[in-house]
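The following note collects numbered remarks on the structure for a colleague's consideration. Each remark may be checked against the coordinates shown.

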Amino acid sequence: MAALGPNSCLPYRELCHREQGIHPFNSGGCSLVSVGGGGLYSSQPGGSRKRIWGGEVKMRGFWQNVSRPTSIEMEAITGMEDLDRILALSKELSQAIVIDWMAAWCRKCIYLKPKLEKLAAEYHPRVKFYFVDVNKVPQALVKWGNISKMPTIQLWKDGEWKAEVIGGHKAWLVMDEVREMIQKHL
């Protein structure tokens, strides 16, 4: 995140703090605050500046890191060809992948999907997330993945299966287990 330098101007309402007794409406028409050496200064009508606080100024950002997405939609794997291509690309890029084996009728699967998409944003670009709807792919693919319960969340690295979490319990526990699995194998 970018740091604010001396004489940076911000909307006044963003910097007013009750604990310091600064209120946006008691400053005589101030609309901007600038951070200068040794304090906060308000812009006054006519171009003059008034020192409104002389203590040490520590700025904290109010903006979230806008360069990172908060959620990344998982890509669907629709057949064996897709899976082969994804595993080969994972091996070539030395990138871990997570595959969520789910079904459209599975309530826990549907509930976990947006949570996994948020997790995908946390680990982007080191880990890529995919999903397989077991009712829309050939059963040979489901058998190949050794899937017996849903949701099953598998971690693959360098084209090889590393670990899995079978998520039939509470979603927050599943997410913690998936995070642990990813951290262990990254």
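1. Helices and strands are here DSSP runs, of at least four residues (H or I) and at least two residues (E) respectively, numbered from the N terminus. In this predicted model, Ser-94 is accordingly placed in the loop between helix 2 and strand 6. Ser-94 is not a glycine, yet its phi is positive, at about 50°. With a relative accessibility of 47%, Ser-94 counts as partly exposed.

2. A second residue with positive phi is Asn-146, where the angle is near 60° although the residue is other than glycine. Asn-146 belongs to the loop between helix 4 and strand 8, and its relative accessible area of 64% makes it exposed.

3. The loop between helix 4 and strand 8 also holds Pro-151. The peptide bond leading from Met-150 to Pro-151 is cis, with omega near -5°. A further cis bond runs from His-124 to Pro-125, with omega near 0°; Pro-125 lies in the loop between helix 3 and strand 7.

4. As to the overall architecture, the chain contains 5 helices and 9 strands. Read from the N terminus, their order is β-α-β-β-β-β-α-β-α-β-α-β-β-α. Of the 186 residues in the chain, 38% are buried. The accessible surface amounts to about 11,500 Å², with 52% of it belonging to carbon and sulfur atoms. Among contacts between residues at least 6 apart in sequence, 61% link residues at least 24 apart.

5. Which residues touch the most other members of the largest nonpolar core? They are Ile-99, Phe-129, Val-178 and Ile-182, in a core of 40 residues. At least two residues of this core come from each of helix 2 (80-93), strand 6 (96-102), helix 3 (107-123), strand 7 (127-133), helix 4 (139-144), strand 8 (152-157), strand 9 (160-166) and helix 5 (171-185). In soluble globular proteins, nonpolar side chains tend to be buried together. Beyond residues up to four places away in sequence, Val-178 touches Leu-116, Leu-119, Ile-153 and Val-165.

6. Val-98, in strand 6, merits separate attention. Its relative accessibility is 1%, so Val-98 counts as buried. Residues up to four places away in sequence aside, Val-98 touches Val-127, Lys-128, Phe-129, Tyr-130, Ile-153, Gln-154, Leu-155 and Ile-182. The C-alpha atoms of Val-98 and Lys-157 are 8.8 Å apart, while the two residues are separated by 59 residues in sequence.

7. Is Lys-128, one of the residues touched by Val-98, buried, exposed or partly exposed? Lys-128 is partly exposed, with a relative accessible area of 26%. Lys-128 lies in strand 7, and its C-alpha is 6.3 Å from that of Val-98, at 30 residues apart in sequence. Apart from neighbours within four places in sequence, Lys-128 is in contact with Glu-75, Gln-95, Ala-96, Ile-97 and Val-98.

8. A search of the whole structure yields 1 disulfide, which joins Cys-106 to Cys-109 with an S to S distance of 2.5 Å. For this assignment, the cut-off is that the two sulfur atoms lie within 2.5 Å. The torsion about the S-S bond of Cys-106 and Cys-109 is about 75°, and the disulfide is therefore right-handed. Both Cys-106 and Cys-109 are buried.

9. The structure holds 1 aromatic pair. Trp-144 and Trp-156 form this pair, which is stacked, at 5.4 Å centre to centre and with 10° between the planes. Because Trp-144 lies in helix 4 and Trp-156 in strand 8, the pair ties together parts that are 12 residues apart in sequence. The partners can also be described by their exposure: Trp-144 is partly exposed, with a relative accessible area of 38%, whereas Trp-156, at 8% relative accessibility, counts as buried.

10. Lastly, a charge is placed over an aromatic ring. The charged end of Lys-113 sits over the ring of Phe-131, at 4.0 Å from the ring centre.

Conventions: Residues numbered from 1 in each chain as written. Predicted model: local features only at pLDDT ≥ 70, side-chain atom pairs only at ≥ 80, totals over all residues. Heavy atoms only, no water. Buried < 20%, exposed > 50% of the residue type's maximum accessible area, 1.4 Å probe, protein only. Core = buried A, V, L, I, M, F, W, Y, C linked by side-chain atoms within 4.5 Å. Contact = heavy atoms within 4.5 Å. Areas by Shrake-Rupley, 256 points an atom, 1.4 Å probe, with all protein chains shown as cover. Phe/Tyr/Trp six-rings, centres within 6.5 Å; stacked < 30°, edge-to-face > 60°. Lys NZ or Arg CZ within 6 Å of the ring centre and 35° of its normal.
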